[in-house]
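Trainee: Could you take me through one strand of this protein slowly, from its partners out to its surroundings? I would like to see how a single part sits within the whole.

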Amino acid sequence: MGSLPHGHDPTKIWSTLLTNRGYFGGALVLNHTLRKTGSRYQLKIMVTREVEADTEFMEAFQAAGIPTIVVDKIEPAPRDGKVNKGTWEKLAPWGMTEYERIVLLDSDQVILHNIDEMMTMDIGEGCIAAAHACTCNPKKLAHYSKDWVPENCAFTAANKRTGEPAAITEACPANHHLLNSGTVILEPSKAQYDALIHAMNTHPDVPKMLFFDQDLLAVVYRSRWKPLPYTYNALKPMRECHADLWRDEDVKVLHYILAKPWKSRTYGDDVVESTHRLWWEFYAEVEKEWTETFDEDKRRLWRDVVVPVVAQK
Ligand SMILES: [Mn+2]
């Protein structure tokens, strides 16, 4: 199942984390778009122990030809008896030293152009690469920090002509030190993994981290992460709040943060929500493959594992 792409290099992989069935439709579309854009590298999906115990779900990964990597629970030590529960398993790849490089993607992303250059681009010794967080907060979400306003957003300072990200300097606004962990290039290392886990268990900010691994990475790799152009992690709201930077034809990785496309077949026709159309086009291609196959098991798994988590109308 899932024949390996031509020129395949097994020391470098794409990876995403799934903790339950809910994002499986997203993961199938992500895998499909990696294949469709001709990637020479394989997507391996990290799954939690809960997912591993879900036999039917595991059969579905097999049917999709997507290898899984089971990861143990990762969570911070309790502080005052409380644990900040979240997606800390996204730190697991730093410990996977059998790989030279892992590029973390999110299962709510689609790949629009080949991104294999991410497997070889220079990120600097002991560093990671990621795109900035967008701190415009266009939806004015109350739980976001008060300094999340467009003036402080790194993309406001990006080069509108070339799309190049703003350099992180001594004098830049604090928000320019924030990254979005939807796309992260990393080189597994025992020392880096240990440093991350140590920081997760001891750093005083951990109990109030809203974005878990993402906030921790910004702290631990402060001034040691390379900003990538927004095109590698184009957050859908930026199509509106950074319309002067965004060019549809340049976007390589489209990231459906906030409302997920698979939650509804109907969506707004505005600049932001209309991006869902693309996701549904890719989904239709995946659906065709799974429902028109002679493999009866695959058709059953589509019905029982995929259909329940993807809006049917
Ligand atoms: Mn995401």
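Mentor: Let's begin with a pair of residues: Ile-45 stands opposite Thr-68, which belongs to strand S3. Keep in mind as you look that this is a predicted model. Ile-45 and Thr-68 give you a way into the pairing between S2 and S3, where 4 bridges join the two strands and they run parallel. You can find S3 at residues 68-71, while S2 covers residues 42-48.

Now turn to another partner of S2. Strand S1, made of residues 12-18, also pairs with S2 in the parallel sense, this time over 6 bridges. For a concrete example, look at Ser-15: its bridge partner in S2 is Lys-44. To follow the chain through this part, trace S1, then helix H1 at residues 24-36, then S2; together these three make a right-handed β-α-β unit.

What about the surroundings of S2? Of its 7 residues, 5 are buried, so the strand is largely enclosed by the rest of the structure. A residue counts as buried here when 20 or more other C-beta atoms lie within 10 Å of its own. Across the protein, 41% of the 313 residues count as buried.

Finally, step back to the whole. The protein has 8 helices and 10 strands. Its radius of gyration is 19 Å, close to the 20 Å that the globule rule gives for 313 residues, so the protein is as compact as a globular protein of that length. Along the principal axes, its C-alpha atoms fill a box of roughly 60 × 45 × 40 Å. And among contacts between residues at least 6 apart in sequence, 72% join residues at least 24 apart.

Conventions
Residues numbered from 1 in each chain as written. Predicted model: local features only at pLDDT ≥ 70, side-chain atom pairs only at ≥ 80, totals over all residues. Rg over C-alpha atoms; globule rule 2.2 N^0.38 Å. Buried ≥ 20, exposed ≤ 12 C-beta atoms within 10 Å, placed from the backbone. Contact = placed C-beta atoms within 7 Å. Pairing = 2+ DSSP bridges. Right-handed = clockwise from strand over helix to strand, strands pointing away.
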